[in-house]
Amino acid sequence: VEVALLDENRALVRRWVSDADRQESGYHSVLHFMMYYARLLFFMGFDSTADDLVGWMEDAVKMLAEAREGEPVVVARDWVLETESDETPRTVWSSSLTQVGPGKYRCAEKRPNDPQCPDAQGVALLHLQTLVNTLPALERAYLALGIAGMHEYYRDILHWHNSKSLHPATAYGMDYARKVLERRS
C-alpha cells in the first residue's frame, strides 16, 4: 500500500495485491493492515495521537458492526480519498507484506524522512477506509474483529509501545477474529 498525503486532508491510496483467489487476497489484505497498524502505533508510542487513533479505530469497529450490508461506512474521519491527482504529495508512506515462509509474514514500511504522528493517524485511517470500500462483507467483519482483538491484546497483555507486541498483537487479533467468526457459523 502507498498512501500519498496531499494538502487539505486529501490523499491518494494505492494498493497492489498479488494474484490469488478472493479469500486468500482478502486474508492478506486484512493481515497486512493489522501488521502495518501495529507498526504505526509502535511508531507513535506514548504520544496522545496513538490514543486518539485507537479510539477512532474502536469507533470504526462499531460503525462496521452496525452497518447494513452494502451500506457505505466512513472511517477516515476528516480525510478525503482522491481517485487521482496531479498534485505533488506533501508526504508518502508505504508498506508491503511479504510471505517469508509457510504461515510466516513480514511487514516492511517506508516512512518520510521527518514522519509526523498526525500523518501516521491519517495513513492508518485512509488504509482502513480503502479496505472498507473494497473488501467483501466477510473480510470486513474479519478486519473489524481483528482490530478489536488487537486492542484487547494491547489493553490486557502488552502495550503497543513495546516492540515485543508487534507480531503477537497481530496474531492475537487474527485469532480473535477467527474464533468469533467460527462461533457464528
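Among contacts in the protein chain between residues at least 6 apart in sequence, what percentage join residues at least 24 apart? Keep the whole chain on screen: the figure is 72%. Bear in mind that this is a predicted model.

**Start with the whole chain**

Select everything. The C-alpha atoms fill a box of roughly 45 × 35 × 35 Å along the principal axes. A compact globule with 185 residues would have a radius of gyration near 16 Å, and the protein chain has 16 Å, so the two agree. Now colour by burial. Buried residues account for 46% of the 185 residues.

**Switch to cartoon view**

Count the elements. You should find five helices and five strands. Next, trace the chain from the N terminus. The order is β-β-α-α-β-β-β-α-α-α.

**Select two helices**

Pick residues 22-44, which form helix α1, and residues 137-156, which form helix α4. Their axes lie 10 Å apart, and the helices pack at an angle of about 30 degrees. Angles under 35 degrees count as roughly parallel, and α1 and α4 are therefore roughly parallel to each other. Their crossing is right-handed.

**Show the side chains between them**

On α1, select Arg 22, Gln 23, Gly 26, Tyr 27, Val 30, Phe 33, Met 34, Tyr 37, Ala 38 and Leu 41. On α4, add Glu 139, Tyr 142, Leu 143, Gly 146, Ile 147, Met 150, His 151 and Tyr 154. These residues make the contact. Finally, colour them by class. The contact of α1 with α4 has 12 nonpolar residues, four polar ones and two charged ones.

Notes: Residues numbered from 1 in each chain as written. Predicted model: local features only at pLDDT ≥ 70, side-chain atom pairs only at ≥ 80, totals over all residues. Heavy atoms only, no water. Axes fitted to C-alpha atoms, helices over the stretch in contact; angles between N-to-C directions. Helix = DSSP H or I, 4+ residues; strand = E, 2+ residues; numbered from the N terminus. Parallel < 35°, antiparallel > 145°, perpendicular 65-115°, else oblique. Left-handed = near helix turned anticlockwise from the far one by under 90°. Contact = heavy atoms within 4.5 Å. Nonpolar A, V, L, I, M, F, W, Y, C, P; charged D, E, K, R; others polar. Rg over C-alpha atoms; globule rule 2.2 N^0.38 Å. Buried < 20%, exposed > 50% of the residue type's maximum accessible area, 1.4 Å probe, protein only.
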